[in-house]
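Look at the sequence and the structure below side by side. The paragraphs that follow go from the whole chain to a helix, a single residue and an enclosed space.

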Amino acid sequence: MTEVGGIANLTPLAQAKEQRAWYFYDWANSAFATTVSGVLFGPYLIAIAEEAAVDDRVSVLGLSIAPGALPAYVITFSTLISALVLPLLGAVADRTARKKDLLAGFAWTGAFFASLLFFMTGDNWQLGAVTFILANLCFAASAVVNDSILPIISSETDRDRVSSRGWAYGYAGGGLLLALNFVLVSFHDTFGLTEGMAVRISLLSAAVWWAAFTFIPFRGLKNHPPADVEQVEGGVLQRSFGQLWITLKELRNYPVALTFLLAYLFFNDGIQTVISQASVYGVEELGFPQGTMLGVYLLVQFVAVGGALLFGRIAARRGAKNTILGGLVIWMGIVTAGLVIPEKSLVPLLVLGVAIGLVLGGTQALARSYFSLLIPRGKEAEFFSFYHAMERGTSWFGTLVFGLVYTFTDSYRPAIFALIIFFVVGGLLLWRVDTERGIRDAGNDVPAVI
């Protein structure tokens with residue numbers, strides 16, 4: 001502990017306390033990301049839509065769509081809405097000291113909509129699609145606010161560690177609930193339940209988990225006053241539009257941050273599409289039962305805990321950018337393996353799951369902390385809103401490509417392999433990012449290792 005003018009500096013202790021509370025939002029919201037988005041929603045939506053299908057097609061806004069492509073299109077639509085809404089939300093969040101209140105509000109609203117998935121039954125796939133879109137929008141909004149808190153509660157030097165630990169908490173929390181749901185769905189007969197009811201209860205449990213554990217960051221975080229806010233006239237909404245407009249005009253002053261955002265647009269779309277469509281791929285293409293895919297996803301979750309911490313340690317020695325680039329090479333190998341993995345062959349599937357787990361948490365955690373170094377103070381939420389328009393569970397380009405390739409080929413194998421282009425392009429763009437220049441442009445301190 002350092003001293004300032006003979007008085008003990010308690011800031012590190014206060015930051016450590018807030019960091020511990022902040023970790024638990026990743027623990028809370030990962031229940032939705034894993035149990036709902038990652039495993040159960042896609043296959044269950046397909047099953048419900050197949051009950052309503054006429055000539056193996058359902059009608060969506062006048063378009064005839066195969067039930068198998070429906071989850072990808074639902075996620076795509078949700079992300080397009082997010083791309084329009086999140087930047088304004090970021091401007092609002094940067095102008096308020098009540099970030100933790102915004103975080104909790106979006107979390108609890110999202111959990112409410114997620115709980116309505118329990119009532120998706122029979123052939124009522126429309127209810128599931130609408131409530132998932134609303135829950136996913138709130139999920140993305142809360143993530144913007146949550147990530148904008150990271151630079152406030154950590155220094156530039158400490159940020160990779162804090163971000164990686166948050167992701168580790170997320171995978172541990174999401175994995176724990178997924179383990180319970182794995183037992184429920186796999187042994188539903190033992191509990192006197194149909195498989196459909198077991199899935200619906202699992203969807204509901206994720207909503208309850210998300211809402212309940214959000215109380216920890218809500219109680220443990222502090223509301224910090226905004227910094228370096230643009231002086232614009234009017235009410236809260238008018239001032240937020242004004243700040244957003246100023247930020248959009250000033251983006252050209254941060255070319256390194258823009259290059260990283262473009263790189264992130266590509267490689268994260270690939271990551272998110274693999275995550276959101278992996279269960280559909282395993283059930284529909286490889287022929288595994290839903291219970292088996294729950295088990296594989298559970299394996300991924302717990303391996304990802306160690307993967308996130310491992311990547312954080314590697315970044316401390318090699319720098320976040322180089323570590324992310326290494327992770328993207330592994331992602332290219334993963335989607336290539338998805339093209340040739342044998343049907344109903346469990347061992348290769350488990351190996352693939354371990355590989356995904358090792359690289360998943362690490363690349364996402366380091367991307368968050370790396371980008372935070374390129375953000376000017378006082379505009380964290382705005383910049384993270386642009387970041388999240390392209391991020392976790394809200395990929396639009398990747399899911400669109402996945403859905404289109406499946407539609408034209410009637411196979412998930414070429415659809416999963418097509419995602420390699422996102423990792424190649426994203427990696428090449430990231431290679432061009434000048435990290436030190438970007439940190440200096442944002443007015444932040446340059447860590448010893450970048």
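Among the contacts in the protein with a separation of 6 or more, 83% are between residues 24 or more positions apart. This is a predicted model, and the protein in it has 17 helices and four strands. Of its 450 residues, 56% count as buried. The protein exposes about 17,800 Å², and 65% of that area is supplied by carbon and sulfur atoms.

Helix H14 covers residues 397-409 and has 13 residues. How far should such a helix span at 1.5 Å a residue? The expected span is 18 Å, and the end C-alpha atoms of H14 are 18 Å apart, so the two values agree. The reckoning uses one less than the number of residues, because the expected span is defined that way. Just after H14, Asp410 has a positive phi of about 60 degrees.

Which residues of H14 are buried? They are Gly398, Thr399, Val401, Phe402, Gly403, Val405 and Tyr406. A rule about helices helps in reading such a list. An α-helix has 3.6 residues a turn, so residues three or four places apart point the same way. The cover over the buried residues of H14 includes helix H2 (70-94), helix H9 (255-285), helix H15 (412-417) and helix H16 (420-431).

Next, take one residue. Leu325 lies in helix H11, which runs over residues 320-340. Is Leu325 buried or exposed? Its relative accessible area is 12%. Buried means under 20%, so Leu325 counts as buried. Leaving aside residues up to four places away in sequence, Leu325 touches Gly427, Leu430 and Trp431. Leu325 and Trp431 are 106 residues apart in sequence, yet their C-alpha atoms are 7.6 Å apart in space.

The last topic is the space enclosed by the protein. How many cavities of 30 Å³ or more does a search of the whole structure find? The search finds four. The largest cavity holds about 260 Å³ of space. It is lined by 18 residues, and the closest to its centre are Val274, Ala278, Met293, Leu352 and Ile356. The elements that each give two or more residues to this lining are H9, helix H10 (290-318), H11 and helix H12 (346-372). By type, the lining of the largest cavity has 15 nonpolar residues, three polar and no charged. Two of these helices have appeared above: H9 helps to cover the buried residues of H14, and H11 is the helix that holds Leu325.

Key: Residues numbered from 1 in each chain as written. Predicted model: local features only at pLDDT ≥ 70, side-chain atom pairs only at ≥ 80, totals over all residues. Heavy atoms only, no water. Buried < 20%, exposed > 50% of the residue type's maximum accessible area, 1.4 Å probe, protein only. Contact = heavy atoms within 4.5 Å. Areas by Shrake-Rupley, 256 points an atom, 1.4 Å probe, with all protein chains shown as cover. 1 Å grid on protein atoms, 1.4 Å probe; cavity = no way out; pocket = protein on both sides within 12 Å on 5 of 7 lines; lining within 4 Å. Points joined across faces, edges and corners; volume = space filled by probe spheres on them. Nonpolar A, V, L, I, M, F, W, Y, C, P; charged D, E, K, R; others polar.
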